[in-house]
Amino acid sequence: MDSIKNYKNRDYFYILSLNIIGNCAIWIQNMMSSIIASNISTTSMMNSIYQAAITIPFFCAFIAGYIGDLYNKKLIVSFSNFLLFLCSIVISFIDFKNENDIFILIILVGLFSIGSVLRMTVTQSLITTVVDTSFLKKASLLNNLGFNISRVIGLASAGYLMSYFSIRNLYMILSILFLFTSLIMFKIKINDSSLDGNRNRSKSKGLIHLTTHSSLFKIYSIDIFIMFFNGSLIWALLPYIAKSQFGFSSEGQSDLMAILGSGSLSTLFFYSVASKIKVGSSYYFIISLLLPLSIFMISITENIYFIYISLFVFGLVWNLKVSLLNGEVQFISPKESITRVISLFFMVMYSGQFIGVLFYGVINDVYGINTSFMISGCALFIGILLVIFKFKCERQMEYL
């Protein structure tokens, strides 16, 4: 009955819907920018620098979390959407034709990423204020599914939209979507617990205790860091790989990213099963092993259909793991500092991606793409074994 009540929660429905709309616009714009970057740059290293620059704002995620815990979450989400609106408007008036223009693109997309970070962290914590604690893990899983619905739509449509409309017009349309979500958020009545006058703003003991004493939080952080470090080869460099390795057009680049996103979206069909999988269980580790296996398959095959299948499996397992880990972190987080915990976890994720995208950019330029995939797969496999070992040690400590 509690689950039914939460599914019918009007505030939860509005937040989830606006989140999907806003994320669609973000993914379309990110994919467009990646395609533009791959077209005006000549090396994977330059693309790596571009992707790393996008990730840098995530190091400020803790600041976003701190703000989200202290002030009106609804207003912060509206402000972040308005910042995305301004960035899209500015980008729409710039032509990207020369190789040096990538530096202008890096700066503008970096500012866009700051708004995305603020929006992502606070929106996720905002959901926790309108659902019951018993529904929190499922809400996190649904939020990640919504995120990946947006990813599929954004990645699949960006290249095709660019073939039918001018880049300027597309950025203008996206800016209107950001402005729409910013204004509509004001109309939603949300009981934001961060507005409670009795709330002690200096409370941080729960956060400090969690990050310094919780062995589970440390294990979850190691797991997610290893995933994002090695997964950066797929998520961040795939548009460049599709263009340089397979000679794909912008539509083809979108197709590969859409297949990857479709795998993530397919988690929806396993929702009832996925919500019952416990992080650290045997099923969790068996599923985790599919990540390095799919990367190995990409590295050893030249059949494009096997590559499609591998990307689909990778996207499916990736979203499942990220959703489960996000839900567990939110579940063990102190309520008064949950936004900061979420933002800290995001920092761990994207620091892994930041370092990984630079690392694999160099490896790709020096040793080639197949070597990059082999290293990524091996590192993921070893990382999974490390996490298994850490969980085993944790269980032994519980018995003592």
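Modeller: Two residues are in contact when they have heavy atoms within 4.5 Å. This is a predicted model, in which local features need pLDDT of at least 70 and side-chain atom pairs count only at pLDDT 80 or more, while totals for chains, interfaces and linings use all residues. Residues are numbered from 1 along each chain as its sequence is written, and side-chain values use heavy atoms, with hydrogens and water left out.

Colleague: With which residues is Ser-113 in contact, leaving aside its neighbours within four places in sequence?

Modeller: Ser-113 lies in helix α6, residues 101–128; helices (H or I, at least four residues) and strands (E, at least two) are DSSP runs, numbered from the N terminus. Its relative accessible area is 4%, and it is therefore buried, a class that covers values under 20%, with exposed over 50% and partly exposed in between (1.4 Å probe, protein chains only). Once neighbours within four places in sequence are set aside, the contacts of Ser-113 are Ile-54 and Pro-57.

Colleague: How many helices and how many strands does the protein have?

Modeller: Helices α6 and α10 are among those in the model. For the protein, the numbers of helices and strands are 18 and zero.

Colleague: What percentage of the 400 residues count as buried?

Modeller: Ser-113 is one buried residue, and Asn-230 is another, with a relative accessible area of 2%. Of the 400 residues, the buried share is 57%.

Colleague: Is Ile-286 buried or exposed?

Modeller: Ile-286 lies in helix α14, residues 282–288. The C-alpha atoms of Ile-286 and Ile-384 are 9.8 Å apart in space, although the two residues are 98 apart in sequence. With a relative accessible area of 55%, Ile-286 is exposed.

Colleague: Which two residues have the most contacts inside the largest nonpolar core?

Modeller: A nonpolar core is a set of buried Ala, Val, Leu, Ile, Met, Phe, Trp, Tyr and Cys residues joined through side-chain atoms within 4.5 Å. The largest one has 86 residues, and the largest share of them, 11 residues, comes from α10. Another core, of 16 residues, lies apart from it and includes Ile-15 and Val-131. In the largest core, the residues with the most contacts are Ile-224 and Leu-311.

Colleague: How many salt bridges are counted in the model?

Modeller: In general, side chains of opposite charge can pair when their charged atoms come close. The rule requires a side-chain nitrogen of Lys or Arg within 4 Å of a carboxyl oxygen of Asp or Glu. Lys-321 and Asp-223 form such a pair, at 3.1 Å from N to O. The count of salt bridges is one.

Colleague: How many residues apart in sequence are the parts that Lys-321 and Asp-223 tie together?

Modeller: Lys-321 is buried at 2% relative accessibility, and Asp-223 is buried at 5%. Lys-321 belongs to helix α16 and Asp-223 to helix α10 (residues 215–235), so the salt bridge joins parts whose separation in sequence, in residues, is 98.

Colleague: At roughly what angle do the axes of α16 and α17 cross?

Modeller: Axes are lines fitted to C-alpha atoms, for helices over the stretch in contact, and angles run from 0 to 180 degrees between N-to-C directions. Helix α16 (residues 304–332) and helix α17 (residues 338–367) have axes that come within 10 Å. Among the residues that meet are Val-322 and Leu-325 in α16 and Phe-345 and Met-349 in α17. The axes cross at roughly 145 degrees.

Colleague: Which residues does Tyr-220 touch, not counting those up to four places away in sequence?

Modeller: Tyr-220 is found in helix α10 and is buried, with a relative accessible area of 3%. Its C-alpha atom is 10.0 Å from that of Leu-324, which is 104 residues away along the chain. Not counting residues up to four places away, Tyr-220 touches Val-279, Leu-325, Glu-328, Val-329, Ile-332, Phe-345 and Phe-391.

Colleague: How far apart in space are Trp-235 and Gly-261, C-alpha to C-alpha?

Modeller: Trp-235 lies in helix α10 and counts as buried at 11% relative accessibility. Its contacts beyond four places in sequence include Met-257, Leu-260 and Trp-318. Trp-235 and Gly-261 are 26 residues apart in sequence, and their C-alpha separation is 9.7 Å.
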